[in-house]
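Here is a short guided walk through one protein model, written for someone who likes to keep a viewer open while reading. Have the structure ready to rotate, and follow along at your own pace.

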Amino acid sequence: MITLLSIIGLLIITYLFFTSFYPSFGGDITKEQQLIYNKSKQFKDGKFKNTNPVPKELSFSETMKLAYTFFTTKVPNGRPKENLKPTQLDSTKVADYKGKTRMIWFGHSSFLLQIDGKNILLDPMFGKVSAPHPLLGANRFNEDFPLAIEKLPQIDAVIYSHDHYDHLDYNSVLKIKDKTKHFYVPLGVGTHLKSWGVTSTNITELDWWQETQLDSLKLVCTPAQHFSGRKLNNNQSTLWSSWVIKSKTETIYFSGDSGYASHFKEIGKQYGPFDLALLECGQYNEKWSDIHMMPEETAQAGVDLSASKIMPIHWAGFKLALHDWKDPIKRVKIKAEELNINIITPKIGDEILVKENNTNYTNWWQNL
């Protein structure tokens with residue numbers, strides 16, 4: 001018994017030391033910040049809440065059981081047989097681009113958006129693993145990127161949806177912060193950025209339904225049904241969101257992470273129709289379907305938003321669930337056809353012209 005208690009004590013001390021001094025865990029929300037967040041409808045009893053009463057608070061034993069299931073279950077075809085090979089981009093042509101509004105997918109939920117002469121990154125996660133340390137996660141599916149991160153052009157804005165490791169990555173922030181003019185994030189997420197050296201004047205934090213202008217562009221922080229946290233003791237301490245990006249001629253929706261709920265219809269009613277909706281489709285399971293959509297719900301969300309076309313995201317990047325890595329794209333395509341909504345399926349690095357209804361992308365994943 002003494003030996004067991006000693007081991008548990010050592011693990012607790014190690015964890016506390018690791019989370020206190022290893023920088024990738026980010027910052028902590030202060031009591032002064034919590035007083036400010038009390039003005040938000042989403043903030044109650046020291047935590048941010050979803051409109052619906054989710055996710056369910058798991059007991060310690062339930063958490064351990066779920067973790068055991070995840071780490072011991074063998075998933076056939078859980079990742080590609082070989083690393084995915086993105087379409088490669090010319091850094092000079094990217095920097096000098098002045099054509100129609102376009103997006104470049106960097107895998108998972110990361111994009112470069114070029115709109116109204118501006119370069120905007122969405123959830124730029126360029127890390128090898130979705131974890132606070134390289135030894136704590138499996139490698140991403142694409143070893144290379146369409147463009148080396150160091151060769152990205154000057155970035156006018158970075159938009160983050162929430163603070164989970166597969167979206168907000170410490171080393172990625174270090175690589176882009178000196179070439180980024182401004183960061184736009186949900187309430188509280190700026191605390192992590194400031195702990196990593198981003199100047200507070202270069203950060204704008206927004207609550208749900210708040211709007212801001214980036215010159216000719218309107219940016220709107222919109223609801224999502226998810227959660228947040230980078231360590232065991234700070235869950236729900238920062239807000240999560242989706243985003244609307246609106247120019248004079250295009251309207252784009254970026255879902256971040258979200259379970260299916262009524263907010264899609266609300267956003268569609270207030271800001272739609274959308275030329276393109278980037279919608280989460282991957283890392284799902286019936287056990288956590290309230291915080292991650294099933295593929296069929298992804299297609300329905302596109303209908304709710306009044307989207308001209310949808311693009312499934314949050315797949316083909318990391319193995320963070322127990323499904324075949326191709327399952328998301330197969331299922332969402334079937335449902336999209338049933339609902340008669342256009343769906344685009346570009347390869348990582350392919351050009352996506354926001355206004356054009358080109359759906360002639362290949363089924364590039366079939367033989368991988």
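This predicted model holds one cavity of 30 Å³ or more. Its volume is about 60 Å³. Which residues line this largest cavity? The lining consists of Gly78, Phe141, Gln283, Trp315, Ala316, Phe318, Lys319, Leu320, Ala321, His323 and Trp325. By class, seven of the lining residues are nonpolar, three are polar and one is charged.

Several of these lining residues turn up again elsewhere, so they make handy starting points. Take Gln283 to begin with: this residue of the cavity lining sits in the loop between S13 and helix H8 (295-304). Is Gln283 buried or exposed? Its relative accessible area is 4%, so Gln283 counts as buried. The backbone of Gln283 is worth a look too, with a phi near 70°, a positive value in a residue other than glycine.

**The aromatic cluster**

Trp315, Phe141 and Trp325 belong to the cavity lining, and they are also members of one aromatic cluster, together with Trp105, Trp364 and Trp365. In total, the structure holds 18 aromatic pairs. One of them joins Trp105 and Trp315: the ring centres lie 6.1 Å apart and the planes meet at 35°, so the pair is tilted rather than stacked or edge-to-face. Where in the chain do Trp105 and Trp315 lie? Trp105 is in strand S3 (residues 102-105), while Trp315 is in the loop between S14 and helix H9 (327-339), so the pair ties together parts that are 210 residues apart in sequence. Both Trp105 and Trp315 are buried.

Aromatic rings also meet charges in this model. The charged end of Lys319, from the cavity lining, sits over the ring of Phe70, 5.1 Å from the ring centre. Strand S3 (residues 102-105) brings in another case: the charged end of Arg102 is placed over the ring of Tyr97, at 3.8 Å from its centre.

**The sheet**

Now turn to an open sheet of seven strands, which run in the order S9-S10-S11-S12-S13-S14-S15 with mixed pairing. Strand S9 (210-214) and strand S15 (342-343) are the edge strands, each pairing on one side only. Strands of a sheet pair through backbone hydrogen bonds, either parallel or antiparallel. Three neighbouring pairings show both senses:

| Strands | Sense | Bridges |
|---|---|---|
| S11 and S12 | antiparallel | four bridges |
| S12 and S13 | parallel | three bridges |
| S13 and S14 | parallel | four bridges |

A hairpin of four residues connects S11 to S12. Across that pairing, Val244 stands opposite Tyr253 in S12. Tyr253 in turn stands opposite Ala277 in S13, and the bridge partner of Ala277 in S14 is Ile310. Following these residues takes you from S11 across to S14.

What covers strand S12 (residues 251-254), and on which faces? Both faces are covered: Thr251 and Tyr253 point to one side, Ile252 and Phe254 to the other, and all of them are buried. In a regular strand the side chains alternate between the two faces of the sheet.

**Backbone details**

Most residues other than glycine have a negative phi, and most peptide bonds are trans. Gln283, met above, has a positive phi, and so does Asp215, with phi near 55°. Asp215 lies in the loop between S9 and strand S10 (217-222). At 59% relative accessibility, Asp215 counts as exposed, whereas Gln283 is buried.

Two cis peptide bonds can be inspected as well. One runs from Val54 to Pro55, with omega near -5°, and Pro55 belongs to the loop between strand S2 (47-48) and helix H3 (60-72). Another links Gly272 to Pro273, again with omega near -5°. Pro273 is part of the loop between helix H7 (263-271) and S13, the strand that pairs with S12.

**An open pocket**

The last stop is the second largest pocket, with a volume of about 280 Å³. It is lined by 20 residues, and those closest to its centre are Gly127, Lys128, Val129, Asp169 and Asn171. Its lining has nine nonpolar, five polar and six charged residues.

Note on methods: Residues are numbered from 1 along each chain as its sequence is written. This is a predicted model: local features need pLDDT of at least 70, side-chain atom pairs count only at pLDDT 80 or more; totals for chains, interfaces and linings use all residues. Side-chain values use heavy atoms; hydrogens and water are left out. Two strands pair if DSSP finds at least two bridges between them. Helices (H or I, at least four residues) and strands (E, at least two) are DSSP runs, numbered from the N terminus. Rings of Phe, Tyr and Trp (its six-membered ring) pair if their centres lie within 6.5 Å; planes under 30 degrees apart count as stacked, over 60 as edge-to-face and the rest as tilted. Buried means under 20% relative accessible area, exposed over 50%, partly exposed in between (1.4 Å probe, protein chains only). A charge sits over a ring if NZ of Lys or CZ of Arg is within 6 Å of the ring centre and within 35 degrees of the ring normal. On a 1 Å grid over the protein atoms alone, a cavity is a set of points where a 1.4 Å probe fits but cannot get out, and a pocket is an open set with protein on both sides within 12 Å along at least five of seven lines; lining residues have an atom within 4 Å of a point. Grid points are joined across faces, edges and corners, and a volume is the space filled by probe spheres set on the points. Ala, Val, Leu, Ile, Met, Phe, Trp, Tyr, Cys and Pro count as nonpolar, Asp, Glu, Lys and Arg as charged, and the others, Gly among them, as polar.
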